[in-house]
Amino acid sequence: MGNDSAAARSANATPGERAGAAAAAAGGPRVDPAIVREVGELVARARAAQRVADGYDQARINDLVCAAAWAILEPGRNRALAELAVEDTGIGVIEDKIRKNHRKTLGLLRDLQATRTVGVISEDAALGIVEIARPVGVVCAVTPSTNPAATPINKILNSLAARNAVIVAPSPKGWSTCALLLRHVHQQLDKVGAPRDLVQMLAAPVSKESTGELMRQCDLVVATGSQANVRAAYRSGTPAFGVGAGNVASIVDETADLADAAGRIASSKTFDNATSCSSENSVIVVDAVFDQAVAALAAQGAVLLDEAQKRRLQQVMWPDGKLSAQAIGQSAARVAASAGLDDIVARAPRMLLVREDGVGEGYPFSGEKLSPVLTVYRARDFAHACDLVAAIYAYQGAGHSVSLHSRLPERALHLGLTAPVSRVIVGQAHCFATGGSFDNGLPFSLSMGCGTWGRNNFSDNMGVRHYMNVTRISRPIPERVPTEESLLGGFFERYGR
């Protein structure tokens, strides 16, 4: 009897609860029972609301998604969220956050309205296969301080479109912005008569313990932000999607339109003070056009530091070997001022350029900087530039993406065949293009899978298909059995039987 009861309790437990029990049995860290109860109450309410949404048809879900999207698209609310984000986190630029909130949400809404997410989503009569969209349940959405409104709404919209409930675990610095966003979302849910508990968030103060417990109790974790959060998601025992680190390198070859390339790099690198994981961190310029390319960047407001200035900047940005939070998301002038580079500040720089020829721990400028500081490498030729990309990504940023400014299409193909990246962005401002844009074909997202190169289990731009299960109905079709000869004939001719 006791064993049967234990089995029944295990069968009725959520996946997260079972994982938590297994972790405890294995000697994992004990979580404060109050946190377990608090998170459990949120999850229970989310499950009740999700059961309601599970009965919605496609038209009802479309209304639900539009309601949540309008919570941030409405101009007054968008500005208030952007202003609060900068005020509370001290990161980024208000006008850029307004643009990001609007474009990323509008683009995702466009993508979702073109996608069936309820009921039958695909039929292939020839194969006898019917695909049916099914929700995953309750989503744990871990979000960063760099995008405290844009990333949560992206995960909220994808979750709702797939008929899930979602609980956001925001960065502590981004909590108040997320709370304001959810207040607006709840008002819109009220308009369409949907349960508010479809969209919730952890109470303040958000901690590693409460975020970890939410990961364990939910049905799916989608983690964007620090690699510590991504690793915790993968360790949680709950199915998880996490993203890799950014550290984008951009190649400028001898065929590039240098003025165009410099303009695109500058607009991307300075947007929101380079808080995006898709911002360029290094530019690798082929020797034949190196001086001209640096001059083109200077014409866009970049200022090249000398070696002494570079050393002073390095001491401030990596005071203890780790990137200082004081440098993240700050303007080029403020970063320069923090290093006492008053002569640089007087030149009102948009970007700071530093020359580098090394890669790795001893060369911190070869890594991600999350600020308008751009590292410049000089390559002998395109082949050497590709080698530098590989070396940089072996240190940091593998799997994310690479940027190319070139008139030779075969060079993009070469990178696609050989570079350890999930995306090759050609002739575009990288931070606008990687996560989807209205002038390219990539889906809109704020979470970029980096494949096994980046220790991820996917290499797509995360979208609604990652937030759903798919059930397949298979019916019999006329049997088609190939002969051995039809499949192996060519092999036999070349190698014999």
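Trainee: Which residues in H3 meet H9?
Mentor: On the H9 side, the residues met are Glu 209, Ser 210, Glu 213, Leu 214 and Gln 217 (contact means heavy atoms within 4.5 Å; helices, H or I with at least four residues, and strands, E with at least two, are DSSP runs numbered from the N terminus). Bear in mind that this is a predicted model, where local features need pLDDT of at least 70, side-chain atom pairs count only at pLDDT 80 or more, and totals for chains, interfaces and linings use all residues. Residues are numbered from 1 along each chain as its sequence is written, and side-chain values use heavy atoms, leaving out hydrogens and water. In H3, the partners are Ile 35, Val 36, Val 39, Gly 40, Val 43 and Arg 47.

Trainee: How many residues of each class make up the contact of H3 with H9?
Mentor: Nonpolar covers Ala, Val, Leu, Ile, Met, Phe, Trp, Tyr, Cys and Pro, charged covers Asp, Glu, Lys and Arg, and the others, Gly among them, are polar. Sorted that way, the contact of H3 with H9 has 5 nonpolar, 3 polar and 3 charged residues.

Trainee: At what angle do the axes of H3 and H9 cross, and what is that arrangement called?
Mentor: Helix H3 spans residues 33-53 and helix H9 residues 208-217, and their axes come within 9 Å (axes are lines fitted to C-alpha atoms, for helices over the stretch in contact, with angles from 0 to 180 degrees between N-to-C directions). They cross at roughly 45 degrees. That crossing makes H3 oblique to H9 (under 35 degrees is roughly parallel, over 145 roughly antiparallel, 65 to 115 roughly perpendicular, the rest oblique). So the answer is roughly 45 degrees, oblique.

Trainee: How do H4 and H5 pack, and which residues of H5 make the contact?
Mentor: Helix H4 (residues 58-73) and helix H5 (residues 75-89) pack at about 65 degrees, with axes 6 Å apart. H4 brings Trp 70, Ala 71, Ile 72 and Leu 73. From H5 come Pro 75, Arg 77, Asn 78 and Leu 81.

Trainee: Which peptide bond is cis?
Mentor: Look in the loop between strand S5 (199-201) and H9, where Pro 205 is found. With omega near -5 degrees, the cis bond runs from Ala 204 to Pro 205.

Trainee: Which residue other than glycine has a positive phi near 55 degrees?
Mentor: Try the loop between helix H11 (258-270) and strand S9 (280-286). The residue with that phi is Asn 273.
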